[in-house]
Amino acid sequence: MVDQYQHIHWTHGPDKDFVVIPSLTFDNTELEKLRGVHHYEERLLFTLILLRYNNTRLVYVTSVPIANDILDYYLSLIPPEVEISLDNLLLLSTQDSSPKPLSEKLLRRPRLLNRIKAFIRPGAVLTVFRGTSLEAAIADYLELELHAVKPELMHW
C-alpha cells in the first residue's frame, strides 16, 4: 500500500479541486432544535489541510462566514515548512443563518454556484457531510463527482 502513495509529497499531491459543502441536510423542524446549527458546518474544515499540495484548490461554502481565528487554527495544522497559496482557497458564504440546510440555501443562489463553477477545474469533486437529493442537484449543476453515498441508497 505504501507504494501507492509514495508519489504524493507535501507539495505534490493530488492535482484536483475540492468543493466542500458541509450541509446538515435534515428536516427543517429538526434543524430548528439545534442552537447554532450553522457551527456544524465547520466540522469539515480539516479539508483545508489539502492546501498543503500546491496544485490542489479548495472551495469551502458555509451559511455564515467562518471566524478568522478558526481558519487560522486549521491552516496552522499544515507544517510550517510547507508554503501554501491562499489563492487556491475560495471561501464562500450564503450570508444566511436561518435553520435551513446549507445545500438548500446554495441552490437558491445561482450567482454563488456560478462563482464556484468559474473557480474549479474539470475533474473537481464535491465533498459533503451527507448526500441527499439537494447535494446531488448541486453536483449536477456544477458537473462534479459527488463523494457521498448516493441518496437513493440511503436507508434508515
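Let's start in the core. The largest nonpolar core has 20 residues. Ile-21, Val-59 and Ile-116 have the most contacts inside it. One caution before I go on: this is a predicted model.

Who builds that core? Seven elements come up, and each supplies at least two residues. Among the strands, we have strand 1 at 17-21, strand 2 at 57-62, strand 3 at 89-93 and strand 4 at 125-128. On the helix side, we have helix 4 at 102-107, helix 5 at 110-119 and helix 6 at 133-142. Which element gives the largest share? Helix 5 does, with 4 residues.

There is also a second core, separate from that one. It has 15 residues, including Phe-18, Leu-48, Ile-66 and Leu-71. As a general point, nonpolar side chains in soluble globular proteins tend to be buried together.

Now step back to the whole chain. It has 6 helices and 5 strands. From the N terminus, the order is α-β-α-β-α-β-α-α-β-α-β. There are 156 residues, and 44% of them count as buried. The accessible surface is about 9200 Å². Carbon and sulfur atoms own 54% of that surface. Then the contacts. Take those with a separation of 6 or more: 71% of them link residues 24 or more positions apart.

Next, strand 1. Is it buried or exposed? Mostly covered: 5 of its 5 residues are buried. Look at the two faces. Asp-17, Val-19 and Ile-21 sit on one side, Phe-18 and Val-20 on the other, and all are buried. So what does strand 1 pair with? Strand 2, for one, in the parallel sense, over 4 bridges. In that pairing, Val-19 stands opposite Val-59. Strand 4 is another partner, also parallel, joined to strand 1 by 4 bridges. There, Ile-21 stands opposite Val-128.

Stay with Ile-21 for a moment. Leave out residues up to four places away in sequence. What does Ile-21 touch? The list is Val-61, Leu-102, Ser-103, Leu-106, Leu-126, Thr-127, Val-128, Phe-129 and Ile-138.

Thr-127 is on that list, and it lies in strand 4. Its relative accessibility is 19%, so it counts as buried; the cut-off is under 20%. Again set aside neighbours within four places. Thr-127 is then in contact with Phe-18, Val-19, Val-20 and Ile-21, and also with His-147.

Last topic: the rings. How many aromatic pairs does a search of the whole structure find? The search finds 1. The pair is Tyr-73 with Tyr-74, ring centres 5.1 Å apart. Their planes meet at 80 degrees, so the pair is edge-to-face; the cut-off for that class is over 60. Tyr-73 counts as partly exposed because its relative accessibility is 47%.

Two charged ends sit over rings as well. Arg-57 places its charged end over the ring of Phe-119, 4.8 Å from the centre. Lys-117 does this with Tyr-141, at 5.1 Å from the ring centre. Now put those on the map. Position 57 falls in strand 2, positions 117 and 119 in helix 5, and position 141 in helix 6.

To wrap up, go back to the 20-residue core. Helix 5 supplies its largest share. Strand 1 feeds that core too, with both its faces covered and parallel pairing to strand 2 and strand 4.

Definitions and conventions
Residues numbered from 1 in each chain as written. Predicted model: local features only at pLDDT ≥ 70, side-chain atom pairs only at ≥ 80, totals over all residues. Heavy atoms only, no water. Phe/Tyr/Trp six-rings, centres within 6.5 Å; stacked < 30°, edge-to-face > 60°. Buried < 20%, exposed > 50% of the residue type's maximum accessible area, 1.4 Å probe, protein only. Lys NZ or Arg CZ within 6 Å of the ring centre and 35° of its normal. Contact = heavy atoms within 4.5 Å. Areas by Shrake-Rupley, 256 points an atom, 1.4 Å probe, with all protein chains shown as cover. Core = buried A, V, L, I, M, F, W, Y, C linked by side-chain atoms within 4.5 Å. Pairing = 2+ DSSP bridges.
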